[in-house]
Amino acid sequence: MTQHAPTARPRVADLAAEAVAGLASRPARAVLTALGTVLGVATLVTSVGMAQTAGNQILTHIDEAVATRVTAQDAAVAPGGPGHLPWDSADRVTRLPGVVAAGATAEIPGAQPITTIAIGGQTPTYPATVYAVTPRMIGAVQGQIRTGRMFDARHDHLAEPVAVLGDRAAGLLRIDDVSGSPRVFLAGQAVTVIGILDPIARQDDLGDAILVPVGYARQVFRLPALDTVLIRTRRGAAPMVGRQVGLALDPNDPTAIDVAAPPDPIATRAAVRGDVSGLLLLLAGMSLVIGALGIANVTLVGVLERRSEIGLRNALGASRLSLATQFVAESGLIGTLGGLLGGAAGVLAVVVLCAIRRWVPVLDLAYPLAGPVLGAIIGLAAGIYPAWKAASMSPIDALKG
Amino acid sequence: MTDDPVTRLRSVGRCYGSDTPVAALVDLDLTLHARDYVAITGPSGSGKSTLLNIIGLLDRPDEGSHELFGQDVTGLGERARARRRARHLGFVFQSFHLIPHRSACENVELGLLYQGIGARRRTETAEQVLGQCGLGDRLDARPTQLSGGEQQRVAIARALATAPDLLVCDEPTGNLDSRNTRRVLDLFDHLRADGLTIVVATHDPEVSERADRVVHIEDGRDRSRAVAR
């Protein structure tokens, strides 16, 4: 017979090949055993993917106008009542980083009634709101002048009796051209209409308004203070501006200023991801535990079914470590297979669900790529007990089958 | 190899059970020298298999000592015993113990796996030994495609592939018809002639007649008288 120079130690690669051969001999069982891990990893990848996708959708749904709008009001002011914001509110806020434009306003209750020139002996009144506004307020609400012009700092400074009409107010007053310097009477005080606004999506209520310079309102209607500051920020800067505007308007008591700013989209996205993924991750975790138990159970049954083979390997010189390694490797391979299939299934599920919802799928590739690793860990852990059973089996009892 | 006997058992005893112990072997001495061909006979339950298990390092005696090539292996740890099984011993079982989903060649290769031999050399050796056992044309056959005699010859080839010093056979012809029994025994004769040490536990007189020496066990004790051939 051939003489060898044996080391009496199996090579690691050979033990791995034995594990593969062991699984290949029962392919259907191997696939079914891996199903638990497939479901667990697929659920995990799908849940993370859908959470990331849903979070991304939040950003898509928060439109430009909402995301860049900040409004500051005097917290103590009663609805329609006088505020006490400083006259230079707009200038203070404009100096804040991230602010594109800002304008201050105050409603002028004393400007009612609103009338025009008597028609046929009648002097009709019109239901419009009169606001004192700073000149750059139009920029803050992204308003456009349809005809004429907006009053400027000079009008404000000189308290000139001029007005700009919202689009619906102009229609109500039947003024569509300012070239003839039409006049409107505010509590009997004549103001010259110098411009008409286009509809303003960002601040729709201005469509019903008549805007006059703050300087004019102070002088003629004794406007006591401003009550609202409208701010347009750069995209992404609104939450930060919102946190600073109170301090800018009232350094002694920033809490006296009510600030309405959009939520931080990144925080919102994270919160949505957290809400969506929390429950699904729990389900994924449960699936993985069930998967691990499935692998452990089937591997244990396999050990009992292969008692005779274990006894034979023992007789052929397999150490307990070799036997344990083989069974742990088999369960680890099943777990890896499950993780691989689960990761692929998870990616597919995210793509299909997003296609149905017409969403753009967003998924960190680290998750599906980590699937086989996670599966391997689960498989290896699940194989420890069956492997210990195999290794501690008496070779004599095992050979009896 | 030294001049020490392949295996020497001195005053070996083995009991099973703890509440009411049953003595499987009592004060048994046995020495196997190189090239011995020894048959162990006796009725069922007499202790033949227990004796083979101790010789094959699958079991330990409760009393006495066991030497392998002059080295006391009685108290060796499991890992060291496994290494010695791989290096020195070959096993042939009554029920063949072939892995059903592997070919004859792969089954024989398994015997070489735990010697740390590479895959290519395992295959070459397995093919060579199967050819020597008359199965050169059945390399790829699964056990279910083989007759009982062929399966036992595959099992013998598996044991021989590792070039063992001692072939331990437990009822090797117990599941074979007379024609296949003779074929296996002829193979043993050839191996014996080539210098292999063989110990066979058997009920079959045809097997014991071919051995150099017969050790008869009853109630765990050696009741034999050596039969010189």
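Here are some worked exercises on a predicted model with chains A and B.

**Exercise 1. Get a feel for chain B**

Task: Work out how many helices and strands chain B has, and what share of its residues is buried.

Solution:
- Start with the secondary structure: chain B holds seven helices and ten strands.
- Next, look at burial. Of the 229 residues in chain B, 56% are buried.
- Then take the outside: about 9500 Å² of chain B is exposed, with 42% of that coming from carbon and sulfur atoms.
- Finish with the contacts. Among those in chain B with a separation of 6 or more, 68% are between residues 24 or more positions apart.

**Exercise 2. Salt bridges that join separate pieces**

Task: For the pairs D204(A) and R168(A), R14(B) and D59(B), and E150(B) and R138(B), find which elements each pair connects and how covered the partners are.

Solution:
- For the overall tally, count over all chains: there are 22 salt bridges.
- Take D204(A) and R168(A), whose closest N and O atoms are 3.5 Å apart. D204(A) sits in the loop between strand 8 (189–197) and strand 9 (209–213) of chain A, while R168(A) belongs to helix 7 (residues 167–173), so this pair ties together parts 36 residues apart in sequence.
- Check the cover on each partner. With a relative accessible area of 48%, D204(A) is partly exposed; R168(A), at 34%, is partly exposed too.
- Move on to R14(B) and D59(B), with 3.0 Å between their closest N and O atoms. R14(B) is in strand 1 (residues 7–16) of chain B and D59(B) is in the loop between helix 1 (48–55) and strand 4 (63–68), so parts 45 residues apart in sequence are tied together. Both R14(B) and D59(B) are buried.
- Last comes E150(B) with R138(B), at 3.5 Å between the closest N and O atoms. E150(B) lies in helix 5 (residues 148–161) of chain B, and R138(B) lies twelve residues away in the loop between helix 4 (119–132) and helix 5.
- Now apply the cut-off: buried means under 20% relative accessible area. E150(B) has 17%, so E150(B) is buried. R138(B) has 25%, so R138(B) counts as partly exposed.

**Exercise 3. Helix 11 of chain A and a charged network**

Task: Find which residues of helix 11 of chain A are buried, and which residues are linked in a network of salt bridges.

Solution:
- Helix 11 spans residues 307–315 of chain A and is mostly covered, with seven of its nine residues buried.
- Put names to them: E309(A), I310(A), G311(A), L312(A), R313(A), N314(A) and A315(A).
- Then trace the charges. A salt-bridge network links E18(A), R306(A), E309(A), R313(A), E330(A) and R102(B).
- Put the two lists side by side: E309(A) and R313(A) are buried residues of helix 11 and also belong to the network.
- Step past the helix and you meet G317(A), with a positive phi near 115°.

**Exercise 4. Two surface patches**

Task: Say which residues form the negative patch and which make the nonpolar one.

Solution:
- The negative patch is formed by D27(B), D29(B), E63(B) and D222(B).
- Zoom in on D29(B), found in strand 2 (residues 22–32) of chain B. Its relative accessibility is 43%, so D29(B) counts as partly exposed.
- The nonpolar patch covers about 400 Å² and is made by L279(A), L282(A), L283(A) and M286(A).
- Of these, L279(A) can be placed in helix 10 (residues 265–305) of chain A. L279(A) is exposed because its relative accessible area is 57%.

Key. Residues are numbered from 1 along each chain as its sequence is written. Chains are lettered from A and ligands numbered from 1 in the order in which they are written. This is a predicted model: local features need pLDDT of at least 70, side-chain atom pairs count only at pLDDT 80 or more; totals for chains, interfaces and linings use all residues. Side-chain values use heavy atoms; hydrogens and water are left out. Patches are made of residues with over 30% relative accessible area and no salt bridge: like charges are joined within 9 Å, nonpolar side chains (Val, Leu, Ile, Met, Phe, Trp, Tyr) within 5 Å. Accessible areas come from the Shrake-Rupley method with a 1.4 Å probe; for residues, only the protein chains shown count as cover. A salt bridge is a side-chain nitrogen of Lys or Arg within 4 Å of a carboxyl oxygen of Asp or Glu. Lys and Arg count as positive and Asp and Glu as negative; His and the chain ends are not counted. The place of a charge is taken as NZ of Lys, CZ of Arg, CG of Asp or CD of Glu. Helices (H or I, at least four residues) and strands (E, at least two) are DSSP runs, numbered from the N terminus. Buried means under 20% relative accessible area, exposed over 50%, partly exposed in between (1.4 Å probe, protein chains only). Contact means heavy atoms within 4.5 Å.
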